[in-house]
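Q: I would like a close look at one part of this structure: the open sheet and what packs around it. Could you walk me through that part?

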Amino acid sequence: MKKILAIALCAIMVIGVLAGCSSQPASNDNANSTPANNDAPATNDTPATNNTPAAEGKTVKVGFITLHDENSTYDKNFIDAAKAACANAGVEYIIKSNVPEGSECFDTAEELIDEGCNVIFADSFGHEDFMIQAAKAHADVMFCHATGTKAHTTGLDNFHNAFAAIYEGRYLAGVAAGLKLNEMIANGEFTADEAKMGYVGAFPYAEVKSGYTSFFLGARSVCPTVTMEVTFTNSWYDEALEKEAANKLINRGCKLISQHADSMGAPTACETAGVPDVSYNGSTVAACPNTFIISSRINWEPYFLHMIDCARTGTALEADWTGTIATSSVELSELNEKAAAAGTAEKLAEVKAQFEAGTLKVFATDTFTVGGASLTEYLADVDDMGDFQPETNVISDGYFHESEYRSAPYFDIDIDGITNIDA
Amino acid sequence: MKNKLFHVSRRPAMPWWKSLLIRVIAIALALVVCAVVTMLFTGENPLNVFSAMISGSFGTSRKIWATLQGIAILLCVSLAVTPAFRMRFWNVGGEGQILMGGLACAACMIYFGDVVPNWVLILMMTVSAIVAGAIWGGIPAIFKAKWNTNETLFTLMMNYIATQLVAYFCNIWDKKGSGIVGVINPATEAGWFPVLGGQRYLLNVIIVAILVVFVYIYLNYSKHGYELTVVGESEKTARYVGIKVEKVIVRTMLLSGALCGVAGLLLVGGTDHSISTTIAGGRGFTAVMVSWLAKFNPVVMIVTSFILVFLERGSSDITSKFGLNKSFSDILTGIILFFIIGSEFFINYRIDLVHNTEKEAK
């Protein structure tokens, strides 16, 4: 008898708690029906808020395809920007998340078209081939793809690549890292020769190499003796591996860690070990209040707005679009004053102004050497024909022209000062 | 002394209509619970949610084809693990066997794509995928037969080896270092299965339909099928009647692995024309559930794999339509599966309340 009573009591309590929880979203739903509330929480994904004064031209409906959902920092960055951009432009949209890099991507694109979408966007590198297949089958629909390499060689008018000059953001983050190292050297924590950074990379290819090299060059611009060790996890998201990699680097004597992988593995390892950290894709200050310095990320909203605008007005969208600091596509998170060196904000503002003025080039050939020598020319595999043959000289006027011949990075040079400890 | 509240006992077999009725009631109850949970947590009208689920699988002809494709591949893997399960050999290595089949198939497409005529290439892909899957299934079987190793752990561990092998070859084949192979032979389409009647998935569906018939006959009307069933019921009986148990274990697992290899072949050669570590998509494990729910009957497995694919596709549609997290659709799927599996319990067992004579709780 007692047991039954206890069970009944538990059940009543559970229901009570659930009812309590549900009362909040319920009130929110009422708010959602008013069109003004565009920034309502994620509970309302398909806003029919077309009653903003629709610009003249074609009605646009955008379909977004993402590899994971908001639980991945990488995809969250796209999803947040997609919602903001569509709310701003007053267009309808559908987000399909957790779409694998296989024929499911093609199927999903077609389903989105069936649901009335005339612009399709996909966020993951491996989606590209399937987006191209869909673009071939649907000439009247605009297909846009982030991080891809093939738009300028496929010869399709309706397939487009986009990326951002994130190497400039990484360089700035590197400057903050270098200043932190300087401060630690000045405090006598280690000597200038011991200034070594560690970097947790996902895959050893151009996008990652371009990122860590620019980060390193940024740090070295203020801390000339710095060196860096890199290790790869061969996965974009593996919390345990990334944590392990960060710990490995810390144990090898790295004084500061940065990363190009999507989990919280490296930042939390740094917080535990008390090692300063420069993260990626957004601030990790909440989880790492003592060690997080700064983070760079790509803001996709400007591209989405541009894409929607082109679709609406019938203007041709570039095969390759590269966002910059000037287009607000490359952003730095708020600086964590607690962990950052004094004077970092001022220095960052100064360097940022140089980027905006175009006077500073990240990959200027007088700032790095390969095998002890400066480069005067370099062939990169810009035209991705599946042959892995480099064909385009990308060094001229004294610098490596990153993301100019196509939007996705192609800087894949191993420069002096950076050691790949996996090799 | 503790007094038991319930007494659980095995039920005698019940008439088919009664067990069917229990299952239908279970699904209906599951839907009601789902509706309540949906209303409590999201405030959406549950009818809208259910209709979104249905339209997620059947909304357009394209969606129907995608659903059929999902069923075909899942069913193929389920057919593959079933002979092993009937033998009480817990093959949870379907994932790895699919990957190895797919890997062998992709290797043929990459290395011989421009070398041999297309029909020779497809023949090579088919043979190598079947052989690779069979080897991956055969290794744990040999260990089980010779040294009585634990097949559950063994097949599970083989999955990880297969995943890493695929990752390794992806890195070799993609010289850029991104680890993504992309579509193989995009220009020549060498090794791509032909498209029948303009439907990309029709051939896969036909192949799996043939496999259903094959596995059904193999299990129920062949000597092999009889032998493996006897081994599953009792090894001692099998030995007593002169069945070579070791031989049956290895033979059955070769078949099981080979059929998984076919699933890999259909995914790489017939669907994606690409290879990645995630190509099996957890089907090696989902298939365990499909096979169990169908009581290892290949024909019933058509229904159970349909239910699972329907739930998966429907719930992913809910996710995007109502802006819910994937976790929410997983919750709904979980509730429905909980009821379906629970109903099997009530079909097999009865529960009686034990009446207490002494009323101490007053």
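A: Happy to; here is a walk through the sheet, its neighbours and the domain around it.

Please keep in mind that this is a predicted model. The sheet belongs to chain A and is an open one of six strands, in the order 2-1-3-4-5-11, with parallel pairing. Start at the edges, where strand 2 (92-96) and strand 11 (320-323) of chain A stand. Each of these edge strands has a single partner strand, so one side of each is left without a neighbour in the sheet. From one strand to the next, the twist averages 20 degrees.

Now look at one pair inside the sheet. Strand 1 (residues 61-65) of chain A runs parallel to strand 3 of chain A, and four bridges join them. If you want a residue to find by eye, take A:Phe64, whose bridge partner in strand 3 of chain A is A:Phe121.

Next come the helices on the sheet. Helix 3 of chain A packs on it and touches strand 1, strand 2 and strand 3 of chain A. The direction of helix 3 makes about 160 degrees with that of strand 1 of chain A. Helix 10 (residues 301-313) of chain A lies across strand 1, strand 3, strand 4, strand 5 and strand 11 of chain A. With strand 11 of chain A, helix 10 makes an angle of about 145 degrees.

Helix 4 (residues 128-137) of chain A also deserves a stop, being mostly covered, with seven of its ten residues buried. The buried ones are A:Glu128, A:Asp129, A:Phe130, A:Met131, A:Ile132, A:Ala134 and A:Ala135. They pack against strand 3 (119-122), strand 4 (142-146) and strand 5 (159-164) of chain A, and also against helix 3 (103-114) and helix 5 (151-154) of chain A.

Finally, step back to the domains. The domain assignment of chain A gives domain 1 as 61-165 + 300-323, and domain 2 as 166-297 + 333-359 + 409-420. The C-alpha centres of these two domains lie 30 Å apart. Where the domains meet, seven residues of domain 1 of chain A are in contact with ten residues of domain 2 of chain A. On the domain 1 side, helix 2 (residues 73-89) of chain A gives the most, with three residues. By class, that side has three nonpolar, four polar and no charged residues.

Conventions. Residues numbered from 1 in each chain as written. Chains lettered and ligands numbered in written order. Predicted model: local features only at pLDDT ≥ 70, side-chain atom pairs only at ≥ 80, totals over all residues. Buried ≥ 20, exposed ≤ 12 C-beta atoms within 10 Å, placed from the backbone. Helix = DSSP H or I, 4+ residues; strand = E, 2+ residues; numbered from the N terminus. Contact = placed C-beta atoms within 7 Å. Domains from an automatic or database assignment. Nonpolar A, V, L, I, M, F, W, Y, C, P; charged D, E, K, R; others polar. Pairing = 2+ DSSP bridges. Axes fitted to C-alpha atoms, helices over the stretch in contact; angles between N-to-C directions.
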